[in-house]
Amino acid sequence: MKMLRFRSPSIRSLDQEVLCTIRLLDDSEISCSIQRDTKGQFLLDHVCNHYNLLERDYFGIRYVDPEKQRHWLEPNKAVQPYTMCFRVKFYPSEPMKIKEELTRYLLYLQLKRDIYHGRLLCPFAEAAYLGACIVQAELGDYDPEEHPSDYIRDFKLFPKQSLKLERKIIEIHKNELRGQCAAYAELNMLQRAHSLETYGVDPHPCKDFTGSTAFLGFTATGFVVFQGNKRIHLLKWNDVSKLKFEGKTFYVIGIQKEKKLVLTFHTSTPAACKHLWKCGVENQAFYKCAKSSQIKTVCSSNIFFKGSRFRYSGKVAKEVIEAMTNHLHSLTHPCASMLPTPVEDSQGGVDLLFSSPVQSPARLLRELHADPDIQAQLEAERERDRAYEHTRLAARSRMGGVLGSSLRLLSSNERVNACVLSVARFVAVVMGVLLVTVPTLLLLLESDIDVSFLHEIRQTPEFEQFHYEYYCPLRRWILCRISMVVGLVLIEVSKV
């Protein structure tokens, strides 16, 4: 695998390059060199190009910061030098509608991880069937000569894998799944997992208003709340009117049975609450909107001068399906003179897709990561590329040492001028904001104008809290200081 690096715009930026490692769904890793201003979209494109993945909008890159808080990498923000993980971000609402087999295979790998880490909860019978599908996809048909009585123990499928569950998996693998190829077994696994309540749920731990532990999640259907293994709330996206947070408190405002519903939850930290809010905003936009042009910037509070602002940038679910359908249509119907060859039912029909000797990209990907010889060759190639990169960077850094002294004097003046210009721009922006904000605040707080939209703003709880807890004490303090200064001035004038 070749190392990928940016072209440096100047010699000074060579020292700013760092090596970023991305862990894939099968726990293999790829690396690329990035600069401090590299955007997240570049990294996501790099991984998707590595896979040659077309349906890439279902996926994202996740990382954990030094405070142990998880984040999704935002496409328009700079990449931080953390270990990145390529994961499914938006689970397809119907796996059968996935057009590309490679996408289904990556979703299969993600669901394997969800099962093993306990995110995909399922009853005993469902767990046994899912485990048998995984074994069938990995090993093929049961063979008594190759598979001893305890061969399932080599598979770490579930966080708590009992002997009873292993026996049931073996029974299903022997009898029900015989003859299924890997792709067909994976498809059955996706179809069965899709019917579970926790499919696609990334649980966010929190406390409800009673202090009980709850886990919040977002699915293609809507917002869900779990306590233990039981789902206690499901609010569909069409019924969710607003998601907001303040500090460590997360609010879900919606309509249920034609009545307004407000759900309140408390997270451990403000950062966790903001991450929860962002995940909710992105999932609602992805699954609810018909077009990405309908997505609006969302504010975490009702007041325009308070709270965080965020907007999901990307395609929505319907656009992903339509784009892939159009892409496949263009491939299968390049022109009117090229007609597809019909397949008779007697020739195998749909089953021919799964039994064809031609290897699909997903199967090739599986063999690539399973063959130790290929892995050894790839690792040797990576080492050669790393050595070449270090040699080239060392040579260019020596050139930078020679030219750096001559460029330092010129760049110092440019940096000073740029700094002064940045400060002047900042002051101008602050003055402009104050000129707009202060009169607007005075209009809201001091005037008696009873316009409908001003009246609505004044009636909001956030505005009342700001008025009585912050503005009134500040006004009294300012008036007290003004009267004190006026008194002192009058005393000095009387002495004269």
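How many residues lie between strand 1 and strand 2 in their hairpin, and which residue in the turn has a positive phi? There are five residues between the two strands, and the residue in the turn is Asp-27, with phi at about 70 degrees. I will come back to that hairpin shortly. Please keep in mind that this is a predicted model.

First, the overall picture. The protein chain has 496 residues, and 38% of them count as buried. Its secondary structure comes to twelve helices and 14 strands. If you take the contacts with a separation of 6 or more, 58% are between residues 24 or more positions apart. The chain exposes about 29,700 Å², with 57% of that supplied by carbon and sulfur atoms.

Now the sheet that contains the hairpin. It is an open sheet of five strands with mixed pairing, and the strand order is 2-1-5-3-4. Strand 2 and strand 4, the latter at residues 70-72, are the edge strands, each pairing on one side only. From one strand to the next, the twist averages 35 degrees.

Let me go through the pairings. Strand 1 and strand 2 are antiparallel, and six bridges connect them. Within that pair, Ile-22 has Ile-30 of strand 2 as its bridge partner. The loop between them, from strand 1 at 18-23 to strand 2 at 29-34, is where Asp-27 is found. Asp-27 is not a glycine, yet its phi is positive.

Strand 1 also pairs with strand 5, this time in parallel, through two bridges. Ile-22 appears again here, and its bridge partner in strand 5 is Met-84. So much for strand 1.

Strand 5, residues 84-88, runs antiparallel to strand 3, residues 59-64, and four bridges join the two. In this pairing Arg-62 stands opposite Cys-85 of strand 5. Helix 1, residues 40-51, packs on the sheet and touches strand 1, strand 2, strand 3 and strand 5. The direction of helix 1 makes about 140 degrees with that of strand 2. Helix 2 packs on the sheet as well, in contact with strand 3 and strand 5, and its direction makes about 110 degrees with that of strand 5.

One residue of helix 2 deserves a word. Asp-114 sits in this helix, which covers residues 101-116. Is Asp-114 buried or exposed? Asp-114 counts as buried, because its relative accessibility is 5%, and the cut-off for buried is under 20%. What does Asp-114 touch, leaving aside residues up to four places away in sequence? The answer is Tyr-91, Arg-119 and Leu-120.

Next, the cysteines. How many disulfides does a search of the whole structure find? The search finds zero. Cys-32 is in no disulfide, and the nearest cysteine sulfur, which belongs to Cys-20, is 5.4 Å away. For comparison, the cut-off for a disulfide is sulfur atoms within 2.5 Å. As for burial, Cys-32 is buried with a relative accessible area of 0%. Cys-299 also counts as buried, at 13% relative accessibility.

Further along the chain there is another positive phi in a residue other than glycine, at Lys-257, where the value is near 55 degrees. Lys-257 belongs to the loop between strand 11, residues 249-256, and strand 12, residues 259-266. Buried or exposed, in the case of Lys-257? Lys-257 counts as exposed, because its relative accessibility is 78% and the cut-off for exposed is over 50%.

Last, the C-terminal part. An unreviewed UniProt entry places a "transmembrane region" at residues 418-445. In the model, that span is 100% helix and 0% strand, and its end C-alpha atoms lie 40 Å apart. Leu-445 can be set against Phe-463, which is 18 residues away along the chain, and their C-alpha atoms are separated by 9.5 Å. Phe-463 is in helix 12, residues 461-495. Phe-463 is buried, with a relative accessible area of 5%.

To recap the sheet: the order is 2-1-5-3-4, with helix 1 packed on it and helix 2 packed on it too. That is what I have for today.

Terms used
Residues are numbered from 1 along each chain as its sequence is written. This is a predicted model: local features need pLDDT of at least 70, side-chain atom pairs count only at pLDDT 80 or more; totals for chains, interfaces and linings use all residues. Side-chain values use heavy atoms; hydrogens and water are left out. Buried means under 20% relative accessible area, exposed over 50%, partly exposed in between (1.4 Å probe, protein chains only). Contact means heavy atoms within 4.5 Å. Accessible areas come from the Shrake-Rupley method with a 1.4 Å probe; for residues, only the protein chains shown count as cover. UniProt positions are given in the numbering used here, feature names are shortened, and annotations may be inferred rather than shown by experiment. Two strands pair if DSSP finds at least two bridges between them. Axes are lines fitted to C-alpha atoms, for helices over the stretch in contact, and angles run from 0 to 180 degrees between N-to-C directions.
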